[in-house]
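Please follow one cysteine into its surroundings, moving from the sulfur atom outward to the strand and then to the sheet. The sequence and the structure are shown here.

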Amino acid sequence: IDIPEELVSFYKMCRPAPLVRAYCLEKQLETPAKIYYKFEGNNTSGSHKLNSAIAQAYYAKKQGLKGVTTETGAGQWGTALSMGCSYFGLDCQVFMVKCSYEQKPFRREVMRTYGAHVTPSPSTTTEVGKKILEVHPGTNGSLGCAISEAVETAAKSGGDYRYVLGSVLTQVMIHQSVIGLEAKAALDKYGEKPDIIIGCAGGGSNLGGLIAPFMGEKLRGEADYRFIAVEPMSCPTLTRGKYVYDYCDTGRICPMAKMYTLGCDFIPSASHAGGLRYHGMSSVLSELYDEGLMEAVAVEQTAVFAAAEQFARVEGILPAPESSHAIKVAIDEALKCKETGEEKTILFGLTGTGYFDMMSYEKFHDGKMSDYRPTDEELEAAFAKFPKQPEI
C-alpha cells in the first residue's frame, strides 16, 4: 500500500528512528546476549503513536472532516493525534482515562498546546459516561470507557467528526509496521538476526508493528523467532483472558471483535502504565497467540519500574512505564543467557519516553507503589457478562 507523498514528507522529520545496541546494559548484566532496542521516542510526541496519528489525521482531512474524537490512556496517543490534527488544521477532542488525567497533568497540557480539547473519562458530558458513573461510581476509568465516550461524541456530531483509534485495529498495525521494517533493515545491515523479539502489549500497536516483518518470515517458513508479548499483571488480557467475541468498549457502542479479552465491563486497577489498561487485544495478535506463534507473560509494576530505573541509569533514556514492561523481560531473557552461556540476540521495542511519568517514578522511589493481581473471582464476574457468542 503506497504511502501518500504528504505523509512521506512528514515522516522525514523523525524517520528512520534509531536501532540501538544496549552495550552498557549488556555489560552491567554480564550477559553474552546482544540486546538491541528500537527507539521510537525521538519525535515531538515522544512515542511510536505518531506513525499512525499523522496518517489518520491526513485521511480525515482528505474526507473533509472538521475534526476527530479519540481516547487516550497514558496520553501518548492523544499527544500524537493532537500533533497530527494541528499539522492538518483539524479539531481534536480527546477523552483521557481519568487516572492518567490526574497522574500526568503535563501530558494533557502538551495536548492542549497542540490545540486539543481534553476531557477526563468517564465524564458527565456524554450519556454513556453518565451510565458508566452510575454503575461504577468514583471509577478511575479505563480505555474502554474513554472509547465509548469518544464514539458517542463523534456519532452525535452530524457527520463533522469521526472517531479514530490509536491501537487494536488492523489499519493501525499497518501504519506501525514501519517500526519492524526499519528494525529489520538495520539488523540486516549489521548482519544480525534476532532470536527473541519482545514488546509491551496493551491494544497491540507497537508489538504488532515491531514483529510484523519477522512474523511474516515465520509464517512463510523462511525463519524462526520467539515473540514475547508483555502485559501488566493488573490487566492480563492474553495470559488470563478468553478468546471470544466481545465489545471493544465498555459502553458496548462499537462492533464486537474476536479477541483475547477480560470482558468489556472489566475496569483494571489504576496502574501507572495507562497505555496498557485495555480489556482486549488486537484481533491479529490474538489469533497469532491462539495459534501458538507468540508467547505472553504478565509482570508486576514494581518489577517493571525497577527495570526502568536500571535501564535509565546505564542507557541514558528515561523509559515510559509501558515500554518498561518489554525492558523487564529483555533483562530476564539476557540473564537466562548468562546462566546458560548462550549468545542470543534480543530485540525489544522502546516505544515511548517517561518524562511525563515522574509522579509514577516518585511513587516507586518513595515505596508507595503497590502491585495488584485481579482474583479469579473478579475475572469470572467479568467473563459472565460476555455478549452472546455469534454462530459462525
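In this predicted model, the sulfur of Cys200 lies 12 Å from the closest cysteine sulfur, which belongs to Cys235, and this is too far for a bond. A disulfide is a covalent bond between the sulfur atoms of two cysteines, and the cut-off applied to such a pair of sulfur atoms is within 2.5 Å. Cys200 is also buried, with a relative accessible area of 2%. The structure as a whole holds zero disulfides. Cys99, for its part, is in no disulfide, and the nearest cysteine sulfur, that of Cys145, is 10 Å away; Cys99 is likewise buried, at a relative accessible area of 3%.

Where does Cys200 point within strand E7? Cys200 points one way from E7 together with Ile196 and Ile198, while Ile197 and Gly199 point the other way, and all of these residues are buried. Because five of the five residues of E7, which covers residues 196-200, are buried, this strand is largely enclosed by the rest of the structure.

The partners of E7 can be taken one at a time. Strands of a sheet pair through backbone hydrogen bonds, either parallel or antiparallel. With strand E8 (residues 226-232), E7 runs parallel, and five bridges join the two. Gly199 stands opposite Ala229 in E8, and Cys200 stands opposite Val230 in that strand. Between these two strands the chain passes through helix H10 (residues 205-219), and the resulting β-α-β crossover from E7 to E8 is right-handed.

E7 also pairs with strand E12 (residues 345-350), again in the parallel sense, over three bridges. Here Ile196 has Ile346 of E12 as its bridge partner.

Which strands make up the sheet, and in what order? The sheet is open and has six strands, arranged as E1-E2-E12-E7-E8-E11, with mixed pairing. Its edges are formed by strand E1 (19-21) and strand E11 (295-299), each of which pairs on one side only. On average, neighbouring strands of this sheet are turned by 25 degrees against each other, with direction ignored. Read back to the starting point, Cys200 is a buried residue on a strand that stands between E12 and E8 in the order of the sheet, and its sulfur is too far from that of Cys235 for a bond.

Definitions and conventions: Residues numbered from 1 in each chain as written. Predicted model: local features only at pLDDT ≥ 70, side-chain atom pairs only at ≥ 80, totals over all residues. Heavy atoms only, no water. Buried < 20%, exposed > 50% of the residue type's maximum accessible area, 1.4 Å probe, protein only. Helix = DSSP H or I, 4+ residues; strand = E, 2+ residues; numbered from the N terminus. Pairing = 2+ DSSP bridges. Right-handed = clockwise from strand over helix to strand, strands pointing away. Axes fitted to C-alpha atoms, helices over the stretch in contact; angles between N-to-C directions.
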